[in-house]
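Let's take a look around the empty spaces of this protein together. Here it is.

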Amino acid sequence: MGKDRISELHDALLLEILSLLPTKTVIATSVLSKRWRSLWKMVPKLEFEFDNQRFAHNVGRSLLLHKAPVLESLHVTGVCDGVDVGLWAGIAFARNVREFVLQLWFPFTNSVRFPSSLFCCDTLETLKLKNAYIQIYVPCRVSMKSLRTLHLESVTYKDDESICNLLSGCPNLEDLVVHRGYPNKVVNFVIVVPSLKRLLIKDCTNGRNGGYVINAPCLKYLQIESLKGYDEFCLIENAPELVEANIRNVSKIVNENILGSLKSAKRLSLALSPLEIKCPSGAIFYQLVCLEMYTHKAEWWNLLTFMLDSSPKLQVLKLIDQQKGEFDKEFKDAGKWNQPKYVPECFLSHLEIFAWTRYDWRREEENEVATYILRNARLLKKATFSTIPTESKEKHMLKEMNGVVKASNSCHLVFE
């Protein structure tokens, strides 16, 4: 009893244990004994979090004392001076850092330039700049051969060339996140990355920039949000391996490419307005098995009709309305839904699951769509309707839907 058994462990095991603790706690162990005085300096993972600019200087001092030959990860979150960023990055890259995450705020300046010379680190695998308002200026091609994850959130860019030079220097990049806000001088955000597998784009510039060009032959997962400008565009030139795509709040994009480029996807989630998105003529989604659509856009049912007609192998259909109070429907006196002249092929041979989240049974169009699907989907196994839980609504829905003559005798109706 009372014996110090932890200190008897090998340094390698102690470092593994310390790597799981907050860095502040790890550094505090230096006062335990002579054995522990320098042990924290060899911990391969460091994470600093502070809300006072004064503590930012402690980060630099701790990094200068750190002696580990390889720094597996460095995470810094807090308020700091722009000078500190270059110091931290320089030390981290000199220690062969593998994961570098900065989430910073600068109280006395709009943006701080990230040293372009530091974009040359062959050991770096993950780089995340979050809410940093750091300006990226890359005048020449860089070398980041090991980089596989790059997240650029609320950073600014000096020019179009900086983006091209940065991405062209990452030959093994697989995961890219781009969040754009103000200010930004980039007109066309060109993403040409042959190795890219996952891409997320969120644009809050309201069309003050030109748009995006995507050339990623290995891309499998795509998410695009908030492209709302009248003149914005998103040109997907090459994405034949796409498996899953989530496209929402891009109602001002008026080219056919946004849908036509998704033909290879197996799973789609769409929040688009058919009034402003052109449906590509002759497009067939041969691989699509799961479709998720949001129903708060004007005349959304026209887009649904197009997708059903163009998806012969669809197995799962999910319709989702927005949360009550999130924002009102974008339409009140929209046009009426017209029943298709021909039953979609997927209704005859593949559709098995149908779910409608926050279904509004009081709307005539929604009743018509739901009834049409139940009456024509021959292989439907389960249909789920969820709405605001009130006894009167539930009874009304049960009576209405149970009275529908269903094409599938094995269809199980569920009301939530």
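A quick key before we start: Ala, Val, Leu, Ile, Met, Phe, Trp, Tyr, Cys and Pro count as nonpolar, Asp, Glu, Lys and Arg as charged, and the others, Gly among them, as polar. This is a predicted model, where local features need pLDDT of at least 70 and side-chain atom pairs count only at pLDDT 80 or more, while totals for chains, interfaces and linings use all residues. Residues are numbered from 1 along each chain as its sequence is written, and side-chain values use heavy atoms, without hydrogens and water.

Q: How do the residues lining the second largest pocket divide into nonpolar, polar and charged?
A: A pocket is an open set of points on a 1 Å grid over the protein atoms alone, with protein on both sides within 12 Å along at least five of seven lines, and lining residues have an atom within 4 Å of a point. Sorted by the key, this lining comes to 7 nonpolar, 3 polar and 4 charged.

Q: Which element gives the most to that second largest pocket's lining?
A: Helices (H or I, at least four residues) and strands (E, at least two) are DSSP runs, numbered from the N terminus. At least two lining residues each come from α2 (23–28), β1 (45–49) and α4 (53–65). With 6 residues, the top contributor is α4.

Q: How many residues of helix α8 are buried?
A: Buried means under 20% relative accessible area (1.4 Å probe, protein chains only). W300 and W301 are among the buried ones. Helix α8 spans residues 300–309 and is mostly covered, the count being 8 of its 10 residues.

Notes: Buried means under 20% relative accessible area, exposed over 50%, partly exposed in between (1.4 Å probe, protein chains only).
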